[in-house]
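Subject: Structure handover

Hello,

I am passing on the structure we spoke about, together with some notes for a reader who has not seen it before. Please look at it first and then read on.

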Amino acid sequence: QVRLVESGGGLVQAGGSLRLSCAAVGSIFSINAMGWYRQAPGKQRESVATITSGGGINYADSVKGRFTISRDNAKNTVYLQMNSLKPEDTAVYYCHGNIIDGDYRWTREYWGQGTQVTVSS
């Protein structure tokens, strides 16, 4: 069974920084891509940043230049460094993974439990 375990998040003032971590644990054959999504109250979930196994990276226009996604393949962990945070970044942030499990070699989408990021003005 594969799970995504998130850490980080919290309350920060505008202009501050936070770092999110997400570790994929369990029986894993390989990870195709991992990323971060967020959902603010009353809004749809949106992609923030994604990184593929080959290192390809995409960012939402709203976070370009402020957020950095990185990946430690040996630890099956993805990070999101968030700088120059704005109140509009306030949301629940979810880790996402497109992962091939080690037991059945099935490719599935996995989600973390979500972590709250609150940016005060």
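The notes below go from the whole chain to single residues.

This is a predicted model, in which local features need pLDDT of at least 70 and side-chain atom pairs count only at pLDDT 80 or more, while totals for chains, interfaces and linings use all residues. Residues are numbered from 1 along each chain as its sequence is written, and side-chain values use heavy atoms, with hydrogens and water left out.

**Whole chain**

The protein chain has zero helices and eleven strands. Both are DSSP runs numbered from the N terminus, helices being H or I with at least four residues and strands E with at least two. The C-alpha trace spans about 50 × 25 × 20 Å along its principal axes. The radius of gyration of the protein chain is 14 Å, which agrees with the value near 14 Å for a compact globule of 121 residues; the radius is taken over C-alpha atoms, and the globule rule is 2.2 Å times the number of residues to the power 0.38.

Of the 121 residues, 40% are buried. Buried means under 20% relative accessible area, exposed over 50%, and partly exposed in between, with a 1.4 Å probe and protein chains only. Among contacts with a separation of 6 or more, 57% come from residues 24 or more positions apart, a contact being heavy atoms within 4.5 Å.

**The four-stranded sheet**

One open sheet has four strands in the order β1-β3-β8-β7, with antiparallel pairing; two strands pair if DSSP finds at least two bridges between them. β1 (3-7) and β7 (67-72) stand at the edges with a single partner strand each, so one side of each has no neighbour in the sheet.

β1 and β3 are joined antiparallel over five bridges, and V5 stands opposite A23 in β3. S21 also belongs to strand β3 (residues 18-25). S21 counts as buried because its relative accessibility is 16%. Beyond its neighbours within four places in sequence, S21 is in contact with V5, E6, S7, W36, V78 and Y79.

At the other edge, six bridges join β7 to the antiparallel strand β8 (residues 77-82), with T68 opposite Q81. The two strands β7 and β8 form a hairpin with four residues between them, and N76 in the turn has a positive phi of about 50 degrees. Side chains alternate along β7: F67, I69 and R71 point to one face and are buried, whereas T68, S70 and D72 point to the other and are not.

**Aromatic rings**

Rings of Phe, Tyr and Trp (its six-membered ring) pair if their centres lie within 6.5 Å; planes under 30 degrees apart count as stacked, over 60 as edge-to-face and the rest as tilted. By this rule there are two aromatic pairs. Y37 and W111 are edge-to-face, at 5.0 Å centre to centre and 70 degrees between the planes. This pair links distant parts of the chain, with Y37 in strand β4 (residues 28-39) and W111 in strand β10 (residues 107-111), 74 residues apart. Y104 and W106 are stacked, with 4.9 Å between centres and 25 degrees between the planes. Y104 is exposed at 58%, and W106 counts as partly exposed at 45%.

R45 lies over the face of Y94, at 3.8 Å from the ring centre, and over the face of W111, at 4.7 Å. A charge sits over a ring if NZ of Lys or CZ of Arg is within 6 Å of the ring centre and within 35 degrees of the ring normal.

Regards
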